[in-house]
Structures are given as structure tokens and as C-alpha cells.
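Biologist: I'd like to learn how to read a structure like this one, feature by feature. Can you walk me through it?

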Amino acid sequence: CCPATAQKHHCSRGDLHGGMGQNTNNVSIVWPDQHMSVFDGDWLKKHCFSAAARQAMQEELFLNERYYWDSKLRIPTADYQEVLHDDKAALAWLLALRRVGIVYLKGAPAEEGQVARLADRIGYLRLTFYGHTWQVQDKAMANNVAYTSGKLSLHTDYPALHFAPGVQFLHCINQAVNGGESEVVDGFHMAEKLQREDPEAFRTLTSVRVDFTDTGTDYCDFMLQSKKRIIDVDAEGRVVRINYNNATRDSVLDLPVHRVQPFYRALKAYVNIMNRLENVVTYKMEPGDIVTFDNWRLLHGRRSYISRPDRLRHLEGAYLDWDEVMSRLRILRKAVHGEL
């Protein structure tokens with residue numbers, strides 16, 4: 001097909017002008033000023049403005065299709081060393097991370113620095129107020145509930161930032177004697193369930209902006225404030241991000257009084273769905289395990305635990321942004337398959 005602006009001018013398939021040879025898959029266009037453009041037919045078809053072609057192109061560029069799951073999920077697993085050194089293994093890891101939202105890596109050394117090595121496989125780490133990497137372990141005068149031995153309810157990280165990190169790595173260096181099991185839930189799937197079971201609650205959580213805050217000192221001192229919808233949707237109504245962390249949800253609720261109770265009712269409905277046993281995947285990390293997951297999609301938590309002085313629970317964490325992850329995915333896909 002010819003570009004719309006050229007439809008009334010000379011468009012021909014087959015012979016090319018100017019001694020360029022012949023290629024029956026090419027389209028040549030002679031414009032009114034007599035200059036000529038030559039297009040590959042497959043390229044034109046791929047860039048066609050039909051709904052199907054546009055959808056296919058967007059899927060190739062962004063991999064928007066997701067695999068939704070519940071408690072029956074068998075978390076995709078890969079070998080840490082293979083991901084570091086083999087392009088096919090690294091591509092499979094990132095594809096699963098995008099589609100499923102979580103991938104388990106086995107076989108990393110049980111020492112600090114491994115999340116940084118893994119990030120180097122992609123590009124670079126996301127620096128936040130907690131540093132390039134951060135140590136999840138019991139800390140006196142903790143500035144974050146994660147740095148205690150208590151239970152962590154399901155949450156996404158950093159909704160207090162207007163642009164929260166897209167991907168999180170957690171590496172188990174040492175596990176607790178008892179407890180400390182990890183919990184994850186598919187926030188996109190739970191939002192779909194909420195929309196089906198309680199459409200009014202879904203409309204509330206996709207429209208009301210909630211205040212989040214975080215204050216303290218770590219990498220440097222900080223005093224964060226943001227406004228987020230609990231469930232972000234795009235122009236087509238597709239869920240694209242979950243922003244929920246009750247530990248940093250502010251006491252400020254910027255709503256007229258008649259909307260306060262409907263908001264809390266909607267939030268409770270969503271949290272109740274997330275906490276149903278049939279929706280939660282539970283696992284326990286062992287030293288050398290790294291879990292990588294989509295922080296815009298998954299909500300994660302942790303059961304309380306007991307440590308001994310000679311066996312303190314220790315995880316190292318790091319963040320990346322989806323821009324860097326998707327960039328590396330596209331590069332690996334081209335290297336492995338010659339696509340895009």
C-alpha cells in the first residue's frame with residue numbers, strides 16, 4: 001500500500017528506477033516533484049495503519065501481553081551463571097520477567113555484590129534514597145519496616161516516588177532460623193478480579209489519587225511526597241501499574257468527606273482479594289537464591305521470622321527501571337533471533 005499522501009500519484013510494484021535492479025517485493029513512489037522513494041513491501045505491511053498491524057507492532061516493541069496467575073503458579077526458574085554468560089538464557093529470563101512478572105535465579109554466590117553483577121547484565125542500577133543496593137536485615141532504630149523481623153504485608157515498593165522503580169532484585173545471603181517466607185501476588189490479575197466482582201471499587205481505585213510519604217536518612221536524608229492512584233490504567237483501560245504500600249500511605253487523604261468511606265471500602269475490597277489464599281504464592285529463599293520481579297505489577301510481603309546472633313537473616317536488594325530492562329531485552333532478542 002502507498003502512503004496516503006501519494007495515493008493519487010504514480011505508485012508501482014516491481015521495476016525500480018535509477019538502475020537499482022529489480023525486487024518484486026519493493027514499492028516505488030514517484031512524487032510530484034519527480035523524486036522517487038523506494039520502500040520494502042514487508043516494511044510497509046508491518047507499518048500499516050490497520051488495527052491488527054498496529055497491535056502487532058506494539059506487542060513486538062513492548063511485550064504488553066501478560067500471563068496472569070494465582071497460588072498455583074510454578075515460578076519460572078533459571079541458573080544465575082547461565083543468565084550472566086549466555087544470551088539465550090538471559091533473553092529467556094527477561095521474557096519471563098515481562099510476561100509472568102517474577103523469575104527465580106539459583107546458584108549465585110551467597111555474598112554481597114551479586115545483584116549489582118546481575119544489573120550489569122542489563123545496564124545499570126537505579127539509585128534511590130536507600131542507595132544503589134540495600135541490605136535487608138535487622139537494624140537498630142530501623143527507618144523502614146523491612147529492616148525489622150516483623151511481618152510485611154503485601155505492597156509495592158516506593159509509591160512515595162512519582163516514578164517508582166520498575167524491577168526489583170532480592171538476593172538471599174542468609175536465611176532466618178524460623179519464618180521469613182516470602183509472599184507474592186499478581187496485582188494485575190487481582191485488579192481484573194476486582195473489576196469483575198466490584199466494578200464500583202475498581203472505578204474508585206483507578207480514579208482517586210492517594211497521598212504517599214516517606215521520610216528518613218539512609219543514602220542521604222529524604223522527605224518524599226507523592227500522589228498516586230492505587231490502580232493505574234492506560235487509555236484503553238488496561239491495568240499498567242499498581243501503587244500500594246500501607247506503610248507509606250499518608251495520613252493525609254485529599255478527598256471531600258463524602259468520598260472517604262467509598263475509598264476505604266474500595267481499598268478494603270482490593271486488599272481482601274489479594275489476601276485470599278488461592279491468590280498468594282509463598283516460597284522461602286535459601287542462600288544463593290535471587291528473586292527478580294516486576295515492582296509495577298507484583299505485590300510482595302514477608303512473614304515474620306526469628307534469627308539467632310550466629311544466623312541473622314540477610315538479603316541484598318536493588319532496583320532497575322523497565323526502560324533499561326526492555327532495552328536489554330530487545331538487544332538480546334535481536335542478537336539471538338535477529339528480530340527488531
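Biologist: Let's start with H9. Which helices and strands do the buried residues of H9 pack against?

Modeller: Keep in mind that this is a predicted model. For packing, look for contacts from the buried side of the helix. The buried residues of H9 pack against helices H2 (51-62), H4 (87-99) and H5 (114-122), and also against strands S8 (167-174), S16 (290-294) and S19 (314-320).

Biologist: Which residues of H9 are buried?

Modeller: They are Trp322, Glu324, Val325, Met326, Leu329, Leu332 and Arg333. Notice that Glu324 and Arg333 are on that list.

Biologist: How do I check the length of H9?

Modeller: Use the rise of 1.5 Å a residue: the 16 residues of H9 (322-337) should span 22 Å, and the end C-alpha atoms are 21 Å apart, so the two agree. Just after H9, glycine 338 takes a positive phi of about 75°.

Biologist: What does that length check give for H8?

Modeller: H8 (residues 260-274) has 15 residues and reaches 21 Å from first C-alpha to last, close to the 21 Å expected. Its buried residues are Phe263, Ala266, Leu267, Ala269, Tyr270, Val271, Ile273 and Met274.

Biologist: Back to the strands that H9 packs against. Is S8 largely enclosed or open?

Modeller: For a strand, count how many residues are buried. In S8 that is seven of eight, so S8 is largely enclosed by the rest of the structure. One residue to look at is cysteine 172, which counts as buried because its relative accessible area is 0%, under the 20% cut-off.

Biologist: How many bridges join S8 to S19?

Modeller: Seven, and the two strands run antiparallel. S8 also pairs with S16, again in the antiparallel sense, over five bridges. Leucine 170 is a handy marker: it stands opposite glycine 317 in S19 and opposite valine 291 in S16.

Biologist: Now a hairpin. How many residues lie between S11 and S12?

Modeller: Three residues lie between them in the hairpin. S11 (residues 209-217) and S12 pair in the antiparallel sense over nine bridges. For one bridge, aspartate 211 has lysine 227 in S12 as its partner.

Biologist: Which residues make up the covered face of S12?

Modeller: To read a strand's faces, follow alternate residues. In S12 (residues 221-229), Phe222, Leu224, Ser226 and Lys228 form the covered face, while Asp221, Met223, Gln225, Lys227 and Arg229 form the uncovered one.

Biologist: And pockets, how do I look for those?

Modeller: Rolling a probe the size of a water molecule over the atoms shows where empty space is left. Here the largest pocket holds about 590 Å³ of space. Its lining has 35 residues, with Asn144, Ala146, Leu152, His155 and Asp157 nearest the centre.

Biologist: Which strands each supply at least two residues of that lining?

Modeller: Those are S6 (133-136), S7 (152-155), S8, S10 (182-186), S16, S17 (298-302) and S19. You've already met S8, S16 and S19 as packing partners of H9.

Biologist: How many disulfides does the structure hold?

Modeller: Zero. As for cysteine 48, it counts as partly exposed because its relative accessibility is 26%.

Biologist: What about the whole chain?

Modeller: Zoom out and you get nine helices and 19 strands. The C-alpha trace spans about 80 × 55 × 40 Å along its principal axes, and buried residues make up 49% of the 340 residues. Among contacts with a separation of 6 or more, 76% come from residues 24 or more positions apart.

Conventions
Residues numbered from 1 in each chain as written. Predicted model: local features only at pLDDT ≥ 70, side-chain atom pairs only at ≥ 80, totals over all residues. Heavy atoms only, no water. Helix = DSSP H or I, 4+ residues; strand = E, 2+ residues; numbered from the N terminus. Expected span 1.5 Å × (residues − 1). Buried < 20%, exposed > 50% of the residue type's maximum accessible area, 1.4 Å probe, protein only. Contact = heavy atoms within 4.5 Å. Pairing = 2+ DSSP bridges. Disulfide = S-S within 2.5 Å. 1 Å grid on protein atoms, 1.4 Å probe; cavity = no way out; pocket = protein on both sides within 12 Å on 5 of 7 lines; lining within 4 Å. Points joined across faces, edges and corners; volume = space filled by probe spheres on them.
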